[in-house]
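Reader: Before accepting the descriptive terms, I should like to see each one set against its criterion. Please take me through them.

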Amino acid sequence: MSTSVEHIECLIVGSGPAGYTAAIYAARADLKPVMYAGMQPGGQLTITTEVENYPGYPEGIMGPEMMELFRKQAERFGTDIRYGMITSVDFSGKAPFRLVADENHEILADTVIIATGASAKWLGIPSEEKLNGRGVSACAVCDGFFFRGKDVAIVGAGDTACEEASYLAKICSKVYMIVRRDEFRASKAMVNRVMNTPNIEVLFDSETDEILGEDKVIGARLKNTKTGELKEIAINGFFVAIGHHPNTDIFKGFLDMDETGYLQTIPGTSKTNIEGVFACGDAQDKVYRQAVTAAGSGCMAALDAERYLAAKQDA
Ligand code: NDP
């Protein structure tokens, strides 16, 4: 551990659309934000291809390029962006909060904005990794459009999978839903919607043995979990919707979370249960999970942090 302790007015943890937007607002409000950008600067958008639903880009933009522009805008107003991780936190006392970066640099922060995002869960089979971005995707809303009029498959049986299957069914000619058990996990209403959509075919008791194709998806080989029987389906797109994991493990024990680790904020604000600690983006949102909603909540977090600091100064 280094002996020097750095004092920061506003520390932003994470560098997706939420973190960068918080940085732009915080920097312009002269909070001199320091951002720890994490191991994958730019977050989930850096592993998507074209983003066509973010307002302001009528021709669409590649995810990594968009995050590069967000970064430049945050830097332009003076955000100090560091390519490292916050490795531990201590929110047990009042502000300033003690945090450790990269396991050896101690920081005292008057406010902390958490924008650590969430990571999609993957099946973990080699063909999924090989074909990621070449027909394999974890976001139907982002990538479904590229499969207009084509046949696709989606894995999962929760609300997300049902919602995304319904979304894909409007765009694609056929949607296979690959469900590992003989029942759904999703709510009744979602299941009804799926079952009443003529171009969705649900394949129960099925797991993905392999996604087929060399440089793009051409099919999937499925295994019946009860009989062991193998069968192939011809598809162009393969969507994985088996849940997300919010990147909030280091805040356990300090911040209120739901049972799956999503941070809880006071409705209509970015405030957590600890005064001076704010949360935005996918780390606190399991429902919308869009770049534009994350950016909006990042703006809220910076404004909340600014107001918190101003109120403290006035007190
Ligand atoms: P869930 O954890 O609810 O569901 C994950 C699904 O993926 C389960 O059906 C699970 O199967 C399946 N699964 C997990 N691992 C594998 C695997 N290796 N192979 C095949 N299938 C697998 O995640 P969701 O993202 O669907 O939902 C998360 C939360 O967000 C839920 O609370 C949900 O209700 C909520 N939500 C609400 C929405 C709304 O209200 N509009 C929209 C979207 C989400 P199994 O069932 O066999 O375990």
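The exchange below concerns a helix pair and a sheet.

Author: This is a predicted model, in which local features need pLDDT of at least 70, side-chain atom pairs count only at pLDDT 80 or more, and totals for chains, interfaces and linings use all residues. Residues are numbered from 1 along each chain as its sequence is written, and side-chain values use heavy atoms, with hydrogens and water left out.

Reader: What makes the crossing of α5 and α6 left-handed or right-handed?

Author: A crossing is left-handed if the near helix is turned anticlockwise from the far one by less than a right angle, and right-handed if clockwise. Helix α5 (residues 159–171) and helix α6 (residues 188–195) pack at about 35 degrees, with axes 9 Å apart; axes are lines fitted to C-alpha atoms over the stretch in contact, and angles run from 0 to 180 degrees between N-to-C directions. The crossing of α5 past α6 is left-handed.

Reader: Which residues of α5 and α6 meet?

Author: Contact means heavy atoms within 4.5 Å. In α5, Asp-159, Cys-162, Glu-163 and Ser-166 meet Met-190, Arg-193 and Val-194 of α6.

Reader: Why do β14 and β15 count as paired?

Author: Two strands pair if DSSP finds at least two bridges between them. Because 6 bridges join β14 to β15 (residues 219–224), the criterion is met, and the strands run antiparallel. One bridge links Ser-206 with Asn-224 in β15.

Reader: What makes β14 and β16 edge strands?

Author: The open sheet has 3 strands in the order β14-β15-β16, with antiparallel pairing. Strands β14 (206–212) and β16 (230–234) each pair on one side only.

Conventions
Helix = DSSP H or I, 4+ residues; strand = E, 2+ residues; numbered from the N terminus.
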